[in-house]
Amino acid sequence: MDGEGPPELVTSNSCRNDKKLVAFIIEQRMRLIEVVMPMVIFFSNVKENFRALWLYNNYESNIPPNASRPLTTAYRKRRHLERLNMLIAYSTPGSQLNVGGYLKRAHISFFNKEDFYCLYNIYHAKKANLIFVESSASVPRLYNSALVRGSGFVNPYPLKERLVVSCFSLVECRDSTNYGRHLNARQNLARGDTALREMPFVSLLIQDFWMRCHHCLIYAPLVLIPCQSCSLALFCSETCRKRAHDEYHSMECTIMPILLGQYSSMEILALRLTIRIFNILDGMMDELELYIRSLANNMVVAEYNTPYGCQPNAKVDYGKVYRLTTNRSKLCKKKITDNGLKAVSLARMLVREHGLPNSFVELLAELTVRHLHILRSNALVLHCSVDEPSKNEYSSSSVPYALVLVTTGSMFNHSCDANVEYCLSPDGAIMFVANRSIPRGTQMHINYRIDPTDTRYAFECYCQKCTTKRILDQPSTLMEVPERL
C-alpha cells in the first residue's frame, strides 16, 4: 500500500473509529494492492448464445473428477440440470436457444411428475418468445398433459408472497454482565420444537449457483429464471427477482464479475448490506448519514424479540443489525486496517461504476467496514449434504452453501455443544429448532458451524475443544486474535 503507516486506533466498538479509519485511508491516499486474477469466462455476465453453447458443451470438462464419489445416476442428473440452467442464464433472452432451454426443463419436469414445474417453464418460455413456442407442435400436448395430470409440488408460482405469518419467536432477549445480550426460552421447549423462524436480512449464495435461488436460497433447479441483465444470478420466481433487484442486485449486477474474482464472500456480503441500507433510504446520503449518527450505542433488548419478517419496516430492522456486536476491540490493528482498505476499495468501485458523487465514498466505506465486522461475528453458515444438495444438514461431510445474517437469531451465543440447531426452511426462512428439552428461562446456544481451522466465513471459536483442535491441526493459528468469544 502507498502512504504512511496505519493510524493509531482507539480500542472501541463505536462507529467513530470506523469513520476515523476511513478518513485516514482516504486522506493518506492509501490503496489496497489488489492481486490481478485472470478473468475466468465463468464469471462473465454477458448474455450471448455463442458463450452459452460453449459453457454448456464444456461444463463437464471444467469440473475436476472426484475419484472418491462414483458417478451415480443422481449425480449425472444434477450435472445435466446445472448445464441446462447455465444455458438459460447465458443465452440471449428470447432467442431460440433460451426458449429451448425452458422447454427442455419442462419435459424433464413432466418426466419427474412435477407438472406444476412443467407449466411454470412453459409459462416462461411463452413469455420469452410466444411465436417460437406456438410454432412447436409438442408444446400444446405437453401443456395439456401436465394440466390434466396436475401432480407434484404446487408451488412456486411465477409470483409468490412472503409468508410473514410464518415468522415467529418463542425466545426473549436478555442482557447480563456475564453473557452480554443473549436469548432465553420464553416457554418450555421439547426436542424438535421450533423456537424461532426469521427471514434473512441479507444473504449470499457461495455454492450451487445453478441450483438454488440467489435471493431466498431454496433448492429449486427446475424453476430458476435468470436476472434480465446478467448471467450470474438466478431466482425461483419473478417475486424473488424483483426483491433482489430492489434490495441490492440493481447495483451489484454490473460489478459481480469483479467481486467474485477479487473479493471474499464476507466482503461481498458486507457490500451487499451497504447497498441494502443505501436503497432503503433511496440513495439520500444526507438522510442516511443523519440516520446512522442517530443510532444509539444501546437499545432496548426487547426489540430483538421481534424477528425480521414480522414487520414491513426494514429501516427499523437495519437499526437492530447496525447494533449487533462486532468484537472490534479484539481485532489487531493490522486486521482493522486491512478491513478499512477493502471497504474503501469496494466503496470506490461502487461509486465509479454507478456515477455517484465522490463524496459518497467515505460514508459507504465506513458502513462497509462496520458491516464486515458485524458479519464476521454474526453471519450464519448454511450447510447441505454433498450427496443430496437439496437436503439441509450439518455434519462432518456436509458443505457450506450460503451465508445469512438475521436480526433476532444473531443474539444466540455460541457453543460447540449447542441446544439449538438451525437450517433453511422451504419458504426461505431460517428455522431454529431445539435439539433437546429446554426449560423456560434457560439460555439457548447455537453452533455457528465453522471449522476452527477455517476462517473464510465466520469467527473463530476459542473454547477448549476448538483450541485443542487448532493446536493439533495448525499450531501457528494460536497467534490469531478471536473475532467472537
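**View 1. Open three-stranded sheet in the predicted model.** In this predicted model, an open sheet of three strands runs in the order β5-β9-β8, with antiparallel pairing. The edge strands are β5 (202-205) and β8, each of which pairs on one side only. Direction ignored, neighbouring strands of this sheet are turned against each other by 25 degrees on average.

**View 2. Pairing of strands β8 and β9.** Strand β8 comprises residues 380-384, and strand β9 comprises residues 399-405. The two strands pair in the antiparallel sense over five bridges. One residue pair of interest is Cys 384 and its bridge partner in β9, Val 399.

**View 3. Surroundings of His 383 in strand β8.** His 383 lies in strand β8 and counts as buried because its relative accessibility is 9%, under the 20% cut-off. The side chains of His 383 and Ser 398 are joined by a polar contact of 3.3 Å. Not counting residues up to four places away in sequence, His 383 touches Asn 392, Glu 393, Tyr 394, Ser 398, Val 399, Pro 400, Tyr 401 and Arg 449. Val 399, listed here among the contacts of His 383, is also the bridge partner of Cys 384.

**View 4. Surroundings of Glu 267 in helix α10.** Glu 267 is located in helix α10, which spans residues 265-280. With a relative accessibility of 5%, Glu 267 counts as buried. Leaving aside neighbours within four places in sequence, the residues in contact with Glu 267 are Lys 342, Leu 346, Leu 372 and Arg 376.

Methods
Residues numbered from 1 in each chain as written. Predicted model: local features only at pLDDT ≥ 70, side-chain atom pairs only at ≥ 80, totals over all residues. Heavy atoms only, no water. Helix = DSSP H or I, 4+ residues; strand = E, 2+ residues; numbered from the N terminus. Buried < 20%, exposed > 50% of the residue type's maximum accessible area, 1.4 Å probe, protein only. Polar contact = N/O pair within 3.5 Å; in protein donor to acceptor, adjacent residues only side chain to side chain. Contact = heavy atoms within 4.5 Å. Pairing = 2+ DSSP bridges. Axes fitted to C-alpha atoms, helices over the stretch in contact; angles between N-to-C directions.
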